[in-house]
Amino acid sequence: MKLLCDLHTHTFVSGHAYSSLKDNIQMARERGLKFLGTSEHAERMPGSVNNVYFYNMKILKRDYGGIYLLRGAEANIMDYEGNLDLEKEKHIKNLDYIIASLHTPCIEDGGIGNNTRALIAAMDREKVRIIGHPDDDRYPIDRRALVQAAKEKGILLELNNSSLSPVSSRTNARENIVELLGYAADYGADIIINSDAHVDHQVGDFTLALDIIAEMGFPRERVVNFDETEKRLFRYLKVDGETFFGL
């Protein structure tokens, strides 16, 4: 099966990434992807853009020579009630999806109970479709509860390739991903593999994530990237592929 998409990518707009959107689109083309999601950090991440940036994504084309662009954002979870730094209708109206994530500049570790509650509550925020990198021991969580909630609410949990990098700041990611995938297999929950690229050569690079999928024998039908069509991906994103892309 061919991988369809990479929906967690950053450009230099996020303040700590190093490539342009044009660079990322070109790499997606070279890697044989069909869909690229661009998902800058929302405004409470130091160095990132003002949220008006996301409103103006309406000017971006959809079709870049066979690479179809999805307009996303990575919002920061700001408290244990799941509130985000990107929620105003005027800022999110032109987005296709939001990735909700815990980041150390934006929220402190609240312990397993609070961290898990924050992630599950964020699933109910407008346009949140993906929970980003739930694999970091700097934010210990109840992964069984997270998987159960994601299955119930129709939210994708992310297998983040960058978390597995030897230079990642996240801790104990491999063991936590194995645990997450085990529960996802048990409960029939779907996941999405993303690169979390912060430079163009990382776009569409899922090597480390695919190694874990293979080692565990995790069912590929539970990974939305592997669909032969984009229909299941679009159902999770609540995107009208025919309207947006003519697909």
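So, Asp 196: with a relative accessibility of 2%, this residue counts as buried, because buried here means under 20%. Keep in mind that we're looking at a predicted model. You'll find Asp 196 in the loop between strand 7 and helix 7. What's odd about its backbone? Asp 196 isn't a glycine, and yet its phi is positive, about 55 degrees. For background, most residues other than glycine have a negative phi.

There's another one like that, His 133. Its phi is near 30 degrees, again a positive value in a residue other than glycine. Where does His 133 sit? Look in the loop between strand 5, residues 128-131, and helix 5. And is His 133 buried or exposed? Its relative accessibility is 5%, so His 133 counts as buried.

Okay, on to helix 7, residues 207-216. Three residues are buried there: Ala 209, Ile 212 and Ile 213. Why do they end up on the same side of helix 7? Because the arc they cover around the axis is only 100 degrees. The general idea is that an α-helix has 3.6 residues a turn, so residues three or four places apart point the same way.

Now, what covers those buried residues of helix 7? The cover includes strand 6, which is 156-160, along with helix 6 and strand 7, which is 191-194. If you go round to the face turned away from the buried side of helix 7, you meet Ala 214 and Glu 215, and those are exposed. Right after helix 7 comes Gly 217, and its phi is positive too, near 65 degrees.

Helix 6 came up a moment ago as part of that cover, so let's see how it packs with helix 5. Helix 5 is residues 143-153, helix 6 is residues 173-187, and their axes are 9 Å apart at an angle of about 45 degrees. That angle is why we call helix 5 oblique to helix 6. As for handedness, the crossing of these two helices is right-handed.

Who's actually touching whom? From helix 5, it's Arg 143, Arg 144, Leu 146, Val 147, Gln 148 and Lys 151. From helix 6, it's Asn 176, Glu 179, Leu 180, Tyr 183, Ala 184 and Tyr 187. And what kinds of residues make up the contact of helix 5 with helix 6? Sorting them gives 6 nonpolar, 2 polar and 4 charged.

One last look back at the loops: Asp 196 and His 133 both count as buried, and each has a positive phi without being a glycine.

Notes. Residues are numbered from 1 along each chain as its sequence is written. This is a predicted model: local features need pLDDT of at least 70, side-chain atom pairs count only at pLDDT 80 or more; totals for chains, interfaces and linings use all residues. Side-chain values use heavy atoms; hydrogens and water are left out. Axes are lines fitted to C-alpha atoms, for helices over the stretch in contact, and angles run from 0 to 180 degrees between N-to-C directions. Helices (H or I, at least four residues) and strands (E, at least two) are DSSP runs, numbered from the N terminus. Angles under 35 degrees count as roughly parallel, over 145 as roughly antiparallel, 65 to 115 as roughly perpendicular and the rest as oblique. A crossing is left-handed if the near helix is turned anticlockwise from the far one by less than a right angle, and right-handed if clockwise. Contact means heavy atoms within 4.5 Å. Ala, Val, Leu, Ile, Met, Phe, Trp, Tyr, Cys and Pro count as nonpolar, Asp, Glu, Lys and Arg as charged, and the others, Gly among them, as polar. Buried means under 20% relative accessible area, exposed over 50%, partly exposed in between (1.4 Å probe, protein chains only). The arc is that of the directions from the helix axis to the C-beta atoms.
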